[in-house]
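Here's a small set of exercises to work through with the model open beside you. Try each task before you read its solution.

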Amino acid sequence: MQVVTHSHCSFLKNFLTGAVFTLPLVYILLHSAPSFLSYTNLAAFQAHRTSTSPPPLPPPQAWQQCDYTTGKWVWDGSVAGRRYDSENCDMVSAQKCVINGKPDNGYLNWRWQPAGCNLSALDPVEFLRAVRGKVLAFVGDSTARNQAESLVCFLSTVSRPETTHQYEDHPMSHKFWRWVFPAPHNVNISTYWSPFLVRAEGRSVDYAMTHDTLFLDAFTEPWTADVDAMDVMVISAGHWFNHQAVYYDDGQIAGVFARPDVNETDIAGGYIGAYRKVIRRVLEYVQEKSSGDKLVVVSTMAPAHFDAKYASNHRDACSRPNPYDEGEVPGDGGTAEMRKAVLEEAAAAAAKRQRRGLRFDVLDVTRLASMRPDGHPGAYIVKDRYGAGKPVPETVFNDCLHWCAPGPVDTFNDILMHILAASG
């Protein structure tokens, strides 16, 4: 089988403006909204949806062979307003760019136009109908949650979900969300914070630390307990892999990355080799632990846009108001290699699948996302801090990694809807 590739909390009130932070801290500070652990509720949901016999995913359509990976962003003057109002959604406040006063709202008017076909916008009514009675899970780093939150916010325009809460004293308790859309939809959408997909200790848990320790064969993350119940699993991770790390495999040190202080050899293939191995093993694990039908969608990495001409804490680090044109996208060999790893490992998993009901696909967003430096919050991560004509100081904390919602991230979900429809 060949994989069809598609291009496819309040913030800290007195945050120290102007401080310089590394990229992992962007995740931790901007994505530490209070949330919950409620894994035990999933068994009851699964029993209920079994008794109500949810429909299968919709059948393939003629456009499933369209290549969404190549195209351009075109101005769409017909856009009358925002797809949804993020102000009252369960969403990290830093991504509510309109609410936070981000100027140049033209970033909402750009539409991805594939080279050989058209990409229609997600219809929330049709999406909920397509996944009625099903469990959707977004697993990975904060970009996975970014996409999930924008999807839930849009779906909330037609059905208000219940946000399940269960606060616990657990180091990762703030990294799990679950929304349940009530009858007649009976749709369960969850996010699982797992930036390396496998067990990790260090900076990803405590940003005061300088590196991470990864256990490449340890599937002890919370998502692994629920994997069999997932009908649609979206895997989105990658941004944490190019940081200092020590890797263990089968109880032994397998290598290091960017750790000259450790007397060990570099891991084979560097951090990209480690990433490839993790993706391969995750897909093998999902195949082994899945007893029913499942669609597994692996997302390629959407690159950050910290402008190399400026320091990361400069107000113009990602202040560009328009998308890149074809020849303007900066080269990024690491992201390209990680994209290649996803494409190849997903294809290999599809070729080795053991059941017809288990399907693998790729949400290939690298190219289209790389052309949208205008779609990030930038300095506008706190409501009214720089709105109403307030000047932005030269030195400021920026988020040039995550996406405004609404914004370009909605295109990821447009493509996800097409993948769902084409996977029947």
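**Exercise 1. An open sheet**

Which residue in β11 does Phe215 stand opposite?

Before the solution, some ground rules. This is a predicted model, in which local features need pLDDT of at least 70 and side-chain atom pairs count only at pLDDT 80 or more, while totals for chains, interfaces and linings use all residues. Residues are numbered from 1 along each chain as its sequence is written, and side-chain values use heavy atoms, with hydrogens and water left out.

*Solution.* Start with the partner: Phe215 faces Tyr248 in β11. Helices (H or I, at least four residues) and strands (E, at least two) are DSSP runs, numbered from the N terminus. Next, look at the two strands: β9 and β11 (residues 245–249) run parallel and share four bridges; two strands pair if DSSP finds at least two bridges between them. Now zoom out to the open sheet, where four strands line up as β8-β9-β11-β12 with mixed pairing. At its edges are β8 and β12 (252–257), each with a single partner strand, so one side of each has no neighbour in the sheet. Finally, neighbouring strands here are turned by 20 degrees against each other on average, direction ignored (axes are lines fitted to C-alpha atoms, for helices over the stretch in contact, and angles run from 0 to 180 degrees between N-to-C directions).

**Exercise 2. An enclosed strand**

Work out why β10 (residues 232–236) is described as largely enclosed, and find its partner strands.

*Solution.* First, check burial: five of the five residues of β10 are buried, so the rest of the structure largely encloses this strand. Buried means under 20% relative accessible area, exposed over 50%, and partly exposed in between (1.4 Å probe, protein chains only). Second, sort the residues by direction: Val232, Val234 and Ser236 point one way, Met233 and Ile235 point the other way, and all are buried. Third, take the partners one at a time. β4 (residues 135–140) pairs with β10 in the parallel sense over five bridges, and Gly140 has Ser236 as its bridge partner. β13 (residues 294–299) also runs parallel to β10, joined by four bridges, with Ile235 opposite Val298.

**Exercise 3. The largest cavity**

Describe the largest cavity and its lining, then follow Thr143 outwards.

*Solution.* Begin with the volume, about 120 Å³. The search runs on a 1 Å grid over the protein atoms alone: a cavity is a set of points where a 1.4 Å probe fits but cannot get out, and lining residues have an atom within 4 Å of a point. Grid points are joined across faces, edges and corners, and the volume is the space filled by probe spheres set on the points.

Next comes the lining. It has 17 residues, and the closest to the centre are Thr143, Ser236, Ser299, Thr300 and Ala302. Two or more residues come from each of α4 (142–155) and α9 (409–422), and α4 gives the most, with three. By type, the lining splits into eight nonpolar, eight polar and one charged (Ala, Val, Leu, Ile, Met, Phe, Trp, Tyr, Cys and Pro count as nonpolar, Asp, Glu, Lys and Arg as charged, and the others, Gly among them, as polar).

Now for Thr143, which sits in helix α4 and is buried at 13% relative accessibility. Leaving out residues up to four places away in sequence, Thr143 touches Ser236, His239 and His402 (contact means heavy atoms within 4.5 Å). Thr143 and Ala302 are 159 residues apart in sequence, with 8.3 Å between their C-alpha atoms.

**Exercise 4. Backbone oddities**

Track down the cis peptide bonds at Pro184 and Pro406, and the positive phi values at Asn186 and Leu197.

*Solution.* Take the loop between β6 (176–181) and β7 (187–193), where Pro184 lies. The bond from Ala183 to Pro184 is cis, with omega near 10 degrees. Asn186 lies in the loop between β6 and β7 too; Asn186 has a positive phi of about 50 degrees although it isn't a glycine, and is buried at 18%.

Move on to the loop between β7 and β8, home of Leu197. This non-glycine residue has a positive phi of about 70 degrees, and Leu197 is buried at 1%.

End in the loop between α8 and α9, which holds Pro406. The bond from Ala405 to Pro406 is cis, with omega near 5 degrees.

Note on methods
1 Å grid on protein atoms, 1.4 Å probe; cavity = no way out; pocket = protein on both sides within 12 Å on 5 of 7 lines; lining within 4 Å.
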